[in-house]
Amino acid sequence: MEKTTFDPKTIRKDFPILKREVNGKPLVYFDNAATSQTPQQVIDAIVDYYSNYNANIHRGVHALSQEATDRYEQARIKIQKHFNAAASHEIIFTSGTTHGINLVANGFSSIVKAGDELLVSAMEHHSNIVPWQMLCERTGAVLKVIPMNQDGELLLGEYRKLLSDRTKLVFCNHVSNALGTVNPIKTIIDEAHKVGAAVLIDGAQAAPHIKADVQALEVDFYTVSAHKMCGPTGVGMLYGKEEWLNILPPYQGGGEMIAEVTFEKTTYAELPHKFEAGTPNICGGIAFGAALDYMNAIGFDGIAAYEHELLIYATERLLTIEGLRIYGTSENKTSVISFNIEGIHPYDIGSILDKLGIAVRTGHHCAQPIMDFYKIPGTVRASFSFYNTKAEIDALVEGVKRAKAMLI
Ligand code: 7TS
């Protein structure tokens, strides 16, 4: 990877929240995998919408409605270009990753039959497990698990053995939220396609770090949340291949998703509107577009290189603490470190770090099967973004040492 000329000092000025203090200490925000912070450019887009052209879209003849519609549809095109979808109508606005997965799982209710098999990876967020279990309950399909090793890497040999002509769907995250592992999704997709199975990739944790190309991946569905990539909460996108989106039935009924309604019969709107019932998060969609503009102006190569530097630095420094174990030790990782210190509950470390102004997440990270695999109740998770610094990592390491001294 090229050496970056990244300047976090300048970048940090874009994020007003990073100037605040918590418990009398400068905020050190290391909970980026839960939600990222918002740059002024995105805040400005939100203020601009509500100050200047707030209106419902796709329905009014008046100027404000047309302006809001144009800006919302421009955001859809920005998202299409970012993920390199073939057409903008393959981009469905959702409320986030969870919504996108539920939309697809619900649609497959009419396709999957009893005895069909669905494969899930061992390192999924609950939102990429539960909707599929619900689908299995409705249809009699069977959920099978692609296992992983102690480093937190999927066992591709086992995956190949699980694939058969009974496999209808495979779902896997691009990056694990609890371990940081970057999964070999191109291989996973290609192998699934050989047996005729469709693949949904949960890109929630990849999108802030890696620019996915859905055409190059040949993925059937790819879903992300804007709030993990400098955008607002309550908005995300589901990419679906046009042929799949045409096969799947609508998820919700209502306004905006219809062509014609009578009491006898309703016909559905064309893509993408078929999947977008009701008034959407208009401002959120536009701000999602602004977030992509912001991140692309910085550049994903620079972001990835700098975050990798932070990951290596933090890993080396944390491992100098005796009794500290990192979960998720794959070579191919994003800037997420999940760890525990022998004999100490993760929550206690998190609470002491909070007193020092350092925000981490503790617990099972909505990925309980991973915790069961390692036989632990949870971890402390520090997740770094491109606006974090090595000085902040030094503060984390000192904080963890202090917590250890207090708790043992
Ligand atoms: N998939 C993955 C891999 C995630 O990390 C998350 C959220 C979701 C799906 C759900 O996203 P949502 O925007 O629909 O809620 N992950 C986390 C986390 O790691 N800590 O808080 C939320």
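Start at the ligand and select His-227: one of its polar side-chain atoms sits 2.7 Å from a ligand oxygen atom. Keep in mind while you click around that this is a predicted model.

Next, pick Thr-98. Here a polar side-chain atom lies 2.6 Å from an oxygen atom of the ligand. Then add Arg-361, where a polar side-chain atom is 2.5 Å from a nitrogen atom of the ligand. With those on screen, show the ligand's surface: the protein covers 86% of the 500 Å² of accessible area that the ligand has on its own.

Now bring up the whole shell. There are 15 residues around the ligand, and Thr-98, Asp-202, Ser-225, Arg-361 and Arg-381 come nearest. Colour the shell by class and you get three nonpolar, eight polar and four charged residues.

Stay with the two arginines for a moment. What is the bridge partner of Arg-361 in strand 17? It's Arg-381, so named already among the residues that come nearest to the ligand. Zoom out a little to strand 16 and strand 17 (residues 379–383): three bridges join them, and they run antiparallel.

Select the rest of the sheet next. Four strands make up an open sheet, ordered 13-14-17-16, with antiparallel pairing. At the edges you'll find strand 13 (324–327) and strand 16 (361–363), each pairing on one side only. Neighbouring strands are turned by 30° against each other on average, direction ignored.

Last stop: helix 12 (residues 346–355). This helix packs on the sheet and touches strand 14 (336–341), strand 16 and strand 17. Look along strand 17 and you can see the helix direction make about 45° with that of the strand.

How values were computed
Residues numbered from 1 in each chain as written. Predicted model: local features only at pLDDT ≥ 70, side-chain atom pairs only at ≥ 80, totals over all residues. Heavy atoms only, no water. Pairing = 2+ DSSP bridges. Axes fitted to C-alpha atoms, helices over the stretch in contact; angles between N-to-C directions. Contact = heavy atoms within 4.5 Å. Near = heavy atom within 4 Å. Polar contact = N/O pair within 3.5 Å; in protein donor to acceptor, adjacent residues only side chain to side chain. Areas by Shrake-Rupley, 256 points an atom, 1.4 Å probe, with all protein chains shown as cover. Nonpolar A, V, L, I, M, F, W, Y, C, P; charged D, E, K, R; others polar.
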